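Hi,

Here is the structure I promised to pass on. Have a look at it first, and then read my notes below.

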Amino acid sequence: MVARATVTTSCGTVSSVSAPVAVTVAAPVVPPGVQVSQSSLPAFGAVEVGAGSQPKSFTVSGSNLTSSLTITPPAGFEIRTGNSPFACCAIVLEPVGGTVPSTTIDVRFAPTTTQAAQASIPVATAGLPEQAVTVSGTGRVATYPVTLSTTAVSGLTPTSATTGGSVVSDGGSAITARGVVWSKTANPVLGITKTEDGAGTEAFTSTISNLLPGTTYFVRAYATNAAGTAYGEELSFTTVTVPLAPEPTVAGTLTASQVTTTSLQLTLAGDNATKRLVVARLGSAVDAEPVDAVTYAADAAFGAGKQLGKGNYVVYNGTGTNVTVTNLRPNTPYYFTVFAFNDNGTPYAENYLTTTPGTLTQTTPAVPVALLLEENFEYTSASLLTANYWSAHSGAGSKPVAVTASGLSYPNYSTGTGKAAALTASGEDVNRSFEPVYGRTPVYASFLVNVSNVSAAGDYFFHLGPKVIGTTFRSRVFVRKTATGKLQFGISGSGAATYAPGEYELNTTHLVVVKYSFDETGSVSQLFLNPTTTLAEPATASASSTETGTTPAAPNDNIGSVALRQGSASPALVVDGIRVGTSYRAVKTGVACTDPELTVPTLATVQTSATECGAPVAFVATATGVPAAPITYSIVKDGVATPITSPYFFPVGTTTVTASVTNPCGTDTKTFVVTVEDKQAPIVQTQNLTVALNAGSATITADQVNNGSSDACGIASMVLSQTAFSCENIGANTVTLTVTDTHGNIASHTATVTVTGTVPTPAIAIIPASKVYTGGVASTLYLGYGPQSATLAASGGDSYSWSPAAGLSNAASANPVFTAQTAGTFTYTVTVTSASGCTATKSITLRVVDARCGNKNDMVSVCHNGKALCLSDNAVAVHLAHGDQLGDCTTASLTATSTSSAQLAEAAELATTLEPVFEAYPNPFTERTVIRFRAGSTGPAQLQLYNPLGQLVKTYYNATAQRGQVYEFTVEGTNLTSGLYISKLLLDGKVQTLRILLNK
């Protein structure tokens, strides 16, 4: 069955509470009682008068009750059940069947006075002893947040502003702090950017500093009292902008010098700025750039300056031209970028040139090979390691590590005359430090170990660590027992071990070599077990462990200690012959020796002196290796290797030099070449020549032009720029004599070669067979009237040849006769050859017009006033004398005519002499015609062409004409309009005109 109690307060019934009640026939009678879960509640602390605290609770229950259960709160406290409101009234729990189930009573402190209160909440029922729950708390005066306002912003500068606040109400409690807060975003709250302007209710003034120019900020006043922090209204303001300085236009350059394993000097040059910002990054190129109007703090110690982006550190900011960067790591690439900038000497005026800044990549040298530590335990037997240079870093004094009576031995691995160290059980861990080694320089450690007992679980007993070892362990060497009762060795960086697959005997001395390689990104731990190689590191490790991101961070970013560990599952073993170094060979042999390596010079070509065929050359190779050794040099001379020293006199040409260096670790041999060039040019001397043409050509040789050229080392060849000459070369010709010596040097000098000979100037005169006047020019013959043949009289040479031969009496004659047979146009070219064998050509065009008419072609056609007349032979002369022309009017040629009979007679006379000629052919023409004239005497001449409107078309000639010289000019009709054109010739002091008809 279920028991349910009714809850009633003195203010009324609230609810009922039910609980299951198990009823059994045989149940024993339970004595009446009231149960309260606790006798007191934790103190409520200080609560404002009129407010209520957070509730605290207890439970009550009752059994076999005969009356109600009453819970009454004392003054200043309120109670409730369930979700009912808190009240100062008593709660009455009515039992059902005598039972009040477990009921939670919530209590809160609601003080009415400002004093401490301590009272009890009674829990009572009739017939039973009263129980109580103790409560306590302190009433305090009610407080409220401060009410205040923010003062208007004033006094703005690029980096500061003035504001403040005024307190309107202190909220009922003392103001303990006040000031202003600001930020670049709205609603700033208390944080780093604030002022602290004392306490109290007086108005206050706040100065804000360290602002950025030209930036908008939000600000509001704040005040703190017992109720907390309150803010005034928010204001915004913008700081004064600082004008940027002019941006540089030329980027700088970077060069490195004095490079060591931990530092280098940078030289800054080339820019046109007043200042430079140098940013450095390890391992990869700088990938951030400065922002204008921002000042960056620099520190020459890498990693300590302002960081741009991630990993880009400012190492220099200033006006200088060099900086020494420190805190570098050996064998590490560093990337540098220099940004030129101007700032006018004013903060926030920085204007950076970020376009193609100067960059430099420099790798610091690796640390020299060194044996950092050798421990053969040459101490008193049974003495503790902590008494002999070792320190305990864990479990000091517990099973301390002691020196054994004798040491271990291993073939070809010397351990001196010392003892060994014994690890016996879980206990003290010890370490010995050495000069620290940083990333990118591998650390090697070797030792002998003889294990007498170990568990199958195994443990590590040897490891490396930083100089200050702490709990940073690296390259931990493990050992465990296999199922076959043998040993397995393992390695790890800092986590689980990787075991080598091989198994090894207990109670046997083994040689272990550990290699730890690390940088900023991770590490590799390698284990070599009983390696057989003495000098060369084995290509494959027995076991290896690679870890990413486990490299120790500063200040433990180094390896500087070696440790022996006795862990919880520590094996029993003896260790001897510990060596730590920076090379496999150093720890294996105990000698810090490295192979020599030569760097031979690359020499520039050397030139000989003016008087010798060789030159002295200085040379030097360099060698690395420990220990250092002298370098020797040799060349092959006359088939024998001959030692030489620097400087050495080398002959012209290329000589191979062999350099060699030997130290205890080995020998290195390399070659380099020395090139000596004879750059002294030969002395070239020439003489002028005169040579006559024969059959139109002449040849000369370099020897004829040479006039004692010389060279100290011998002449290989002499070449002329021109050896053959022809008629085109008559006169003075400049030739160049080029001399090459036996070493390829070249020099040149010029000479004048005068070529003698004659180039003919051909001329052709047309001599008609008769002087009968035809009214035309000598080059036009008319079938049926006048001369029927003409002699072509060529001049200007020694021999003549005409082409074509057809129509001429003798093509090889200077004066062949042309006989008109049929009407047409006939062009002949004469080739004239001089006594020197030079040739020239001249052409002439003849025209034959058929002027015959009548039934028997025994009459002559004459064009009279545009009408063709067919006349007898004896009537023609009269018509011609009046200006008529021979031939049909449609085919008659327009020829040069005279306006007087005297001129006509003169023209007929000129046909047989070398008197002036003025004619055009063809005429009329459709495409082009040729105008030619010949001067009877040397003097001024001018040839012009006028169009039908009397406008000058073109001046073809305006110069001196030579007597007997024929001048020809082509008139192109393509761009002319059809019509009658007049050609005017001023010649021999006379003006002649020639009508030319263009028919398109």
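**Around Asp 595**

Leaving aside residues up to four places away in sequence, Asp 595 touches Arg 585, Thr 624, Gly 625, Cys 665 and Gly 666. Before going on, bear in mind that this is a predicted model. Asp 595 sits in strand E43, which covers residues 594-599. One of its contacts is polar: the side chains of Asp 595 and Arg 585 are joined at 3.0 Å. Asp 595 counts as partly exposed, because its relative accessible area is 41%, and partly exposed covers the range between 20% and 50%. If you want a sense of scale, Asp 595 and Val 403 are 192 residues apart in sequence, and their C-alpha atoms are 36 Å apart in space.

**The cores**

The largest nonpolar core has 43 residues, and the members touching the most others are Phe 447, Phe 461 and Leu 564. Strand E33 (residues 443-453) is the top contributor to this core, with five residues. Phe 447 is a good place to start looking. Again not counting residues up to four places away in sequence, its contacts include Phe 461, Phe 462, Val 477, Leu 511, Val 512, Val 514, Val 575 and Ile 578. Tyr 413, His 510, Asp 576 and Gly 577 are also among the residues that Phe 447 touches. There is a second core, separate from that one, with 22 residues, among them Ala 935, Tyr 956, Tyr 957 and Leu 976.

**The disulfides**

Searching the whole structure turns up five disulfides. I went through some of them in detail.

Take Cys 727 and Cys 838, whose sulfur atoms are 2.1 Å apart in a disulfide. This link is left-handed, with -100 degrees about the S-S bond. Cys 727 is in the loop between strands E55 (724-726) and E56 (731-741), and Cys 838 is in the loop between strands E63 (824-833) and E64 (839-850), so the bond ties together parts 111 residues apart in sequence. Both ends are buried: Cys 727 has a relative accessible area of 16%, and Cys 838 comes out at 0%.

Next is the disulfide from Cys 853 to Cys 870, with an S to S distance of 2.0 Å. It is right-handed, with 105 degrees about the S-S bond. Cys 853 belongs to strand E65 (residues 852-853) and Cys 870 to strand E67 (residues 867-871), so this pair ties together parts that are 17 residues apart in sequence. Cys 853 is buried at 14% relative accessibility, whereas Cys 870 is partly exposed at 38%.

Then there is the disulfide of Cys 863 and Cys 889, with the sulfur atoms 2.0 Å apart. The torsion about its S-S bond is about 105 degrees, so it is right-handed. Here Cys 863 lies in strand E66 (residues 859-864) and Cys 889 in the loop between strand E68 (885-886) and helix H4 (901-910), and the two are 26 residues apart. Cys 863 is buried, at 14% relative accessibility, while Cys 889 is partly exposed, with a relative accessible area of 23%.

And which cysteine sulfur is nearest to that of Cys 88? That of Cys 89, but it is 4.7 Å away, and Cys 88 is in no disulfide. The cut-off is 2.5 Å between the sulfur atoms. Cys 88 also counts as exposed, with 59% relative accessibility.

Cheers

How values were computed: Residues numbered from 1 in each chain as written. Predicted model: local features only at pLDDT ≥ 70, side-chain atom pairs only at ≥ 80, totals over all residues. Heavy atoms only, no water. Core = buried A, V, L, I, M, F, W, Y, C linked by side-chain atoms within 4.5 Å. Buried < 20%, exposed > 50% of the residue type's maximum accessible area, 1.4 Å probe, protein only. Helix = DSSP H or I, 4+ residues; strand = E, 2+ residues; numbered from the N terminus. Contact = heavy atoms within 4.5 Å. Polar contact = N/O pair within 3.5 Å; in protein donor to acceptor, adjacent residues only side chain to side chain.
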